[in-house]
2 protein chains.
Amino acid sequence: MSSTTIHPENDMAPAASGGLADPAIDVPRGLKGVIAAETALGDVRGREGFYHYRQYSAVELAEHRRLDEVWHLFVEGDLPDAQQLATFRSRIAEVRATPLPASVVGALPTIAAAKGAGPLDGLRTAVSLLAAAEGFAPVLDLDTHTIVAQGLRIVASMPVLAAALYRAEHGLDVIEPDRSLDWATDYLRMITGATPPEAHARAVERYLVTTIDHGFNASTFTARVIASTGADLGAAITGAIGALSGPLHGGAPSRALDTLDAIGSVDRIDDWVRPRVESGEKMMGFGHAVYRTQDPRSELMHRTAVELGGDLVDFAEVVERRVVEILAELKPGRELYANVEFYAGVVMELAGLPREMFTPTFATSRAIGWVAHVVEQVHAGKIIRPSARYVGPPAPAPLP
Amino acid sequence: MSSTTIHPENDMAPAASGGLADPAIDVPRGLKGVIAAETALGDVRGREGFYHYRQYSAVELAEHRRLDEVWHLFVEGDLPDAQQLATFRSRIAEVRATPLPASVVGALPTIAAAKGAGPLDGLRTAVSLLAAAEGFAPVLDLDTHTIVAQGLRIVASMPVLAAALYRAEHGLDVIEPDRSLDWATDYLRMITGATPPEAHARAVERYLVTTIDHGFNASTFTARVIASTGADLGAAITGAIGALSGPLHGGAPSRALDTLDAIGSVDRIDDWVRPRVESGEKMMGFGHAVYRTQDPRSELMHRTAVELGGDLVDFAEVVERRVVEILAELKPGRELYANVEFYAGVVMELAGLPREMFTPTFATSRAIGWVAHVVEQVHAGKIIRPSARYVGPPAPAPLP
């Protein structure tokens, strides 16, 4: 175009109060409702209790399609036919079978040992290192084909990294991926050391499909902001993991289980729940800002838990019913139901996932969504950079 | 408040097309001009060629105040008096003298070796690891005092990490920080191995002060988005480093120097520049989207380069004048001047900084701004999460 250069903050947005040509546009706090991007990847329709990946119901996909089929839907834009699926599976298997760089493998014990703060910290560092070790160039300099290939590498590596960090942290031998196994089966195997029952793998797979994308959440937005600067895919995913680690975003699916543990038995539900609700305490696993119906993810996880069966499920169902009743009585009109955290926690517990792995597991599937959003953002081709309003003392003041 | 819980995406923004109560708010692409936050930290007034930190001219601060005074301005809200400065210096010295965690030190050679893609990749991984090793908790759970203390730790550590990564990458012994030295002096010493001349340290210090903050740039916005989820400070700064690594944001101050090298001599300026401008090629180091005047940072870096003196400065001045003339002739009305990249590169070169360290040096000072913005964001207390408009095929479609 012109003879000007892209250089530090060349493209910086005019400040709001600087008397520049561009007006300051006032919007709700937190950019709530502000359209920051267009996407063909999916949407959430809260009033209908419905969300979708491209044109398909996410819940239907989770019930009737395999994870790699849905992954293909995000990467290629549609569900694969038999031939496309075979090709995609073989491509993924090859990526998974490509050993991690020796530098990453060597650093995993150190990264695992440093994992002192949050369950996603280790994954954040490991993904950052992996992208650097593999020499990911800025997306600005890459064609879509290359970004997609890098995305497959990152997504395929994240379960391997998460499992390895878990094993390393607990002083266990790291287990190599087995390219002949599907994601969920191999993931559970790499964590626990044993090939899981088919039912466990399928339950976790459903959870993974369910959590690939969910509207324009904060981690997805973070990935798009970073990618919009032209930075490399590793920078975008590292930032997204960081955003997901925020308690206001990624939450902690293990907390609802902790609540079940604390209640302990059916006869203690009321005594445990009532005083807490009356004193305004939060009930982990209940309520959602968007869904005014049952959370469609929660319903699917509930069904999945029931299929797995067992005392924990029976107990969880009793607790759910009673808590919803108590909430309806004490918080009338709020329409508070179990959210995805409640039965997702039950499912993962029954499937043998350690609780500390619930959030990293969430990150591994959400990465499919992040990468797809990065690819979309690169095509959108415009840096995302709003303005701020200066509200400090008038400048310039003379130096004291 | 209520009995609902903070849980995964509880707070997720309604999707734009979902028929929810909140309207979809259309704004310019890339959120240009949209007010995403209020800040008392500073502003850019592009038409006036002016930017400020709190109420003070950033350029005046860079010329007349020390880096730690301006750091204090960002942390505490005002410039320190003599007593406050002594206290702050001693506090910083103590933080700097606190050894890095052994796990971080041990991982630096690996991180440095993996630094294959961009100059900020190593710093991104090292900061992520440092925050985890020090057990930074989510900002949501911390008081301001603790976040500020963590911010001092990260900011004080970044020059040490950047220098150590450089030394490790080049097979050189890592040099420990010397708490008796100021930031710029010690930074140059930790990189080059020799205590720099006072003039070099002061020139780099001016650059550092100049680059602490500059309006609501993409990395600052990224730090605020991540912090708004309640994530830990390490997540926010790691994400910000990632955004800064984007070619559309952080740029590469060494590129303008590469141009000077390519031109080589005064008699070759026209032959080198004219055909490139005429063919629409970018001239590294010239032009700015906001400033319609001289870039105030560029003017200060120009004066600083002249004070250092030497053939490179003389040559750069001739090139600058001639390029501006050629641009005025071939791109009339565009008002293209040298930007900050041009003379900042000259200053850092003269001060003995290796070119590959220009961008990491930028990141170390900008981190002061990032941390201050995170603290502001925590006080703002609202997750930043806009919406997207779904533009794919209508859903739900039946599964094929």
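These legends describe close-up views of a predicted model with chains A and B.

**View 1. Chain A and chain B are related by a rotation.** Any two copies of a chain are related by a rotation about an axis and a shift along it. Here the rotation is 180 degrees, and the shift along the axis is 0.0 Å. After this rotation, chain A superposes on chain B with an RMSD of 0.0 Å. The two copies are therefore related as by a two-fold rotation axis. Look for Gly239(A) to find where the axis passes. In chain A, the C-alpha of Gly239(A) is the nearest to the axis, at 2.0 Å.

**View 2. The two chains meet through the same surface.** In chain A, 148 residues are in contact with chain B, and 148 residues of chain B are in contact with chain A. Of the interface residues of chain A, 100% are also interface residues in chain B, so the copies meet through the same surface. The size of an interface is often given as the accessible area lost when the parts come together. Chain A and chain B bury about 12400 Å² between them. Carbon and sulfur atoms carry 62% of that area.

**View 3. Salt bridges and polar contacts cross the interface.** How many salt bridges are found across the interface of chain A and chain B? There are two. One salt bridge joins the side chains of Arg124(B) and Asp232(A), with 3.1 Å from N to O. Polar contacts cross the interface too: 38 residue pairs make them. On the side of chain A that touches chain B, helix H5 (residues 121-133) of chain A gives the most, with eight residues.

**View 4. A strand of chain A pairs with a strand of chain B.** Strand E5 (residues 387-390) belongs to chain A. Its partner is strand E1 (residues 35-39) of chain B. Four bridges join E5(A) to E1(B), and the two strands run parallel. Look at Tyr390(A): its bridge partner in E1(B) is Thr39(B). E1(B) is mostly covered, with four of its five residues buried.

**View 5. Three strands of chain A form an open sheet.** The order is E2-E3-E4, and the pairing is antiparallel. Strand E2 (42-45) and strand E4 (56-57) of chain A stand at the edges. Each has a single partner strand, so one side of each is left without a neighbour in the sheet. E2(A) and strand E3 (residues 50-53) of chain A are joined by four bridges. One residue to find in E2(A) and E3(A) is Val44(A), which stands opposite Tyr51(A) in E3(A). In a regular strand the side chains alternate between the two faces of the sheet.

**View 6. His52(A) sits in strand E3 of chain A.** Strand E3 of chain A contains His52(A). Is His52(A) buried or exposed? With a relative accessible area of 2%, His52(A) is buried. A polar atom of the side chain of His52(A) lies 2.5 Å from the backbone oxygen of Arg54(A). Leaving aside residues up to four places away in sequence, His52(A) touches residues in chain A and in chain B. Among them are Leu41(A), Asp43(A), Ser57(A), Tyr390(B) and Ala395(B).

**View 7. Chain B has an open sheet of three strands.** The strands lie in the order E2-E3-E4, with antiparallel pairing. Strand E2 (42-45) and strand E4 (56-57) of chain B are the edge strands, and each pairs on one side only. Strand E3 (residues 50-53) of chain B pairs with E4(B) over two bridges. Tyr53(B) stands opposite Tyr56(B) in E4(B).

**View 8. Asn339(A) lies in a loop between two helices.** The loop runs between helix H14 (311-330) and helix H15 (340-350) of chain A. Asn339(A) counts as buried because its relative accessibility is 0%. The side chain of Asn339(A) reaches the backbone nitrogen of Glu341(A) at 2.9 Å.

**View 9. Helix H15 of chain B is mostly covered.** Nine of the 11 residues of H15(B) (residues 340-350) are buried. They include Val340(B), Phe342(B), Tyr343(B) and Met348(B). The buried residues of H15(B) pack against several helices of chain B, including helix H8 (198-210), helix H14 (311-330) and helix H16 (358-380). At the start of H15(B), a side-chain oxygen of Asn339(B) comes within 2.9 Å of the backbone nitrogen of Glu341(B). After H15(B) comes Gly352(B), whose phi is positive, near 90 degrees.

Terms used:
Residues are numbered from 1 along each chain as its sequence is written. Chains are lettered from A and ligands numbered from 1 in the order in which they are written. This is a predicted model: local features need pLDDT of at least 70, side-chain atom pairs count only at pLDDT 80 or more; totals for chains, interfaces and linings use all residues. Side-chain values use heavy atoms; hydrogens and water are left out. Buried means under 20% relative accessible area, exposed over 50%, partly exposed in between (1.4 Å probe, protein chains only). Two strands pair if DSSP finds at least two bridges between them. Copies are superposed by least squares on the C-alpha atoms of residues with pLDDT of at least 70 in both. Contact means heavy atoms within 4.5 Å. Buried area is the accessible area (1.4 Å probe) that two parts lose on being put together, summed over both. A salt bridge is a side-chain nitrogen of Lys or Arg within 4 Å of a carboxyl oxygen of Asp or Glu. A polar contact is a pair of N or O atoms within 3.5 Å; within protein, one must be able to donate a hydrogen and the other to accept it, and residues adjacent in sequence count only if both atoms are side-chain atoms.
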